[in-house]
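Let's take a walk through this one together, starting with the vocabulary and then going from helices to strands to loops. Keep the viewer open as you read.

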Amino acid sequence: MSKSFENWKIGELMETFGLSRIYHSFTLLQIWLMAENEINAQEHKALDSLKEQLIRNAENWNEDELKFMFISPLILLADLQSEKCKIFTQRRISAEVQGIRLNGIVDFVLATGIDEPKKPFFFLHEYKQEKKRDNDPLAQLVAEMLAAQALNETPKPLFGCYVLGRFWFFVVLKDKNLEVSLAFDATQEDIFRIFKMLRWVKEQIES
């Protein structure tokens, strides 16, 4: 059996692969949410500018405009790439998990590799504005992370987030345990928390 990432629903994924949703405990997600690193004056000014653009356009941008005008500049500012990991976009990933072939195109993945992703660590699922949803963005992201678990062949946790217009949701998958944050609104002061959490990802890779 083969099924693409975008065709899953979260309940179906949970049941098929025996995932457990974790809600209340001091876990990796909580550690990630409390990430602290310094934002200098130049970065603060750039984030304020991005926030203002999102305030004015979040309801009107299509998917490509959201990527180009907001998500890409934010990712570049966070400076996620290092000698250990590289950003790949619109790449195909495929892996067999419990006898089921999971496959599809991922929007964004931070992974080892030179010309193609080898071992993924962090996924970002870029999605259309909040009023135009066709698929289940959480399910698509988790399906990608499950495929990455199989590719990595290690018990290390995977991190990711999905974006619905102004709203960012952060996700951790460790073994069969799934954690999902509440929404962070990038048109508010949350944008600085989002930035710190993106920076934390790079710090974890480098360490």
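A quick bit of vocabulary first: a residue is called buried when its relative accessible area is under 20%, exposed when that is over 50%, and partly exposed in between. Aspartate 175 makes a handy test case: at 43% relative accessibility, aspartate 175 counts as partly exposed, because that value falls between the two cut-offs. Bear in mind throughout that you're looking at a predicted model.

While you're at aspartate 175, look at where it sits: in the loop between strand 7 (167-174) and strand 8 (177-180). Its backbone is worth a click too, since aspartate 175 has a positive phi of about 55° although it is not a glycine. As background, most residues other than glycine have a negative phi. Glutamine 90 is another case, with a positive phi near 50° in a residue other than glycine. This one is not in a loop but is found in strand 3 (residues 86-97). Glutamine 90 is partly exposed, with a relative accessible area of 43%.

Stay on strand 3 for a moment, as serine 94 is there as well. At 31% relative accessibility, serine 94 counts as partly exposed. Leaving aside neighbours within four places in sequence, serine 94 is in contact with Arg101, Leu102, Asn103 and Leu151. For a sense of scale, try the C-alpha distance from serine 94 to lysine 45: the two are 49 residues apart along the chain and separated by 40 Å.

Lysine 45 takes us over to helix 3, where Ala41, Gln42, Lys45 and Arg56 are exposed. Helix 3 (residues 41-57) has 17 residues and reaches 25 Å from its first C-alpha to its last, close to the 24 Å expected at 1.5 Å a residue. Which residues of helix 3 are buried? They are Glu43, Leu47, Leu50, Lys51 and Leu54. These cover an arc of only 105° around the axis, which puts them on the same side of helix 3. The general rule behind such a pattern is that an α-helix has 3.6 residues a turn, so residues three or four places apart point the same way. The exposed residues, Ala41, Gln42, Lys45 and Arg56, are on the other side of helix 3. And what do the buried residues of helix 3 pack against? The partners are helix 4 (63-78) and helix 6.

Helix 6 (190-206) is our next stop. At 1.5 Å a residue, its 17 residues should span 24 Å, and the end C-alpha atoms of helix 6 are 25 Å apart, which agrees. Helix 6 is mostly covered, with 13 of its 17 residues buried.

Helix 6 also leads us to the largest pocket, giving the most to its lining with three residues. About 430 Å³ of space lies in that pocket. There are 16 lining residues, and the closest to the pocket centre are Phe121, Lys156, Pro157, Gln204 and Ile205. Strand 5 (120-127), strand 6 (158-164) and helix 6 each supply at least two residues of the lining. If you're thinking about chemistry, the lining divides into nine nonpolar, four polar and three charged residues.

From Phe121 you can hop to asparagine 152: the pair is 31 residues apart in sequence and 8.9 Å apart in space, C-alpha to C-alpha. Asparagine 152 lies in helix 5 (residues 137-152), and at 8% relative accessibility it counts as buried. Beyond neighbours within four places in sequence, asparagine 152 is in contact with Lys118, Lys119, Pro120 and Leu158.

Now look at strand 5 itself, where leucine 124 is found. Is leucine 124 buried or exposed? It is buried, with a relative accessible area of 1%. Not counting residues up to four places away in sequence, leucine 124 touches Ile71, Ile75, Asp107, Phe108, Cys161, Val163 and Trp168.

One last stop is threonine 27, in the loop between strand 2 (20-21) and helix 2 (28-33). At 16% relative accessibility, threonine 27 counts as buried, because that is under the 20% cut-off. Not counting residues up to four places away in sequence, threonine 27 touches Ile22 and Glu179.

Methods: Residues are numbered from 1 along each chain as its sequence is written. This is a predicted model: local features need pLDDT of at least 70, side-chain atom pairs count only at pLDDT 80 or more; totals for chains, interfaces and linings use all residues. Side-chain values use heavy atoms; hydrogens and water are left out. On a 1 Å grid over the protein atoms alone, a cavity is a set of points where a 1.4 Å probe fits but cannot get out, and a pocket is an open set with protein on both sides within 12 Å along at least five of seven lines; lining residues have an atom within 4 Å of a point. Grid points are joined across faces, edges and corners, and a volume is the space filled by probe spheres set on the points. Helices (H or I, at least four residues) and strands (E, at least two) are DSSP runs, numbered from the N terminus. Ala, Val, Leu, Ile, Met, Phe, Trp, Tyr, Cys and Pro count as nonpolar, Asp, Glu, Lys and Arg as charged, and the others, Gly among them, as polar. The expected span of a helix is 1.5 Å times one less than its number of residues. Buried means under 20% relative accessible area, exposed over 50%, partly exposed in between (1.4 Å probe, protein chains only). The arc is that of the directions from the helix axis to the C-beta atoms. Contact means heavy atoms within 4.5 Å.
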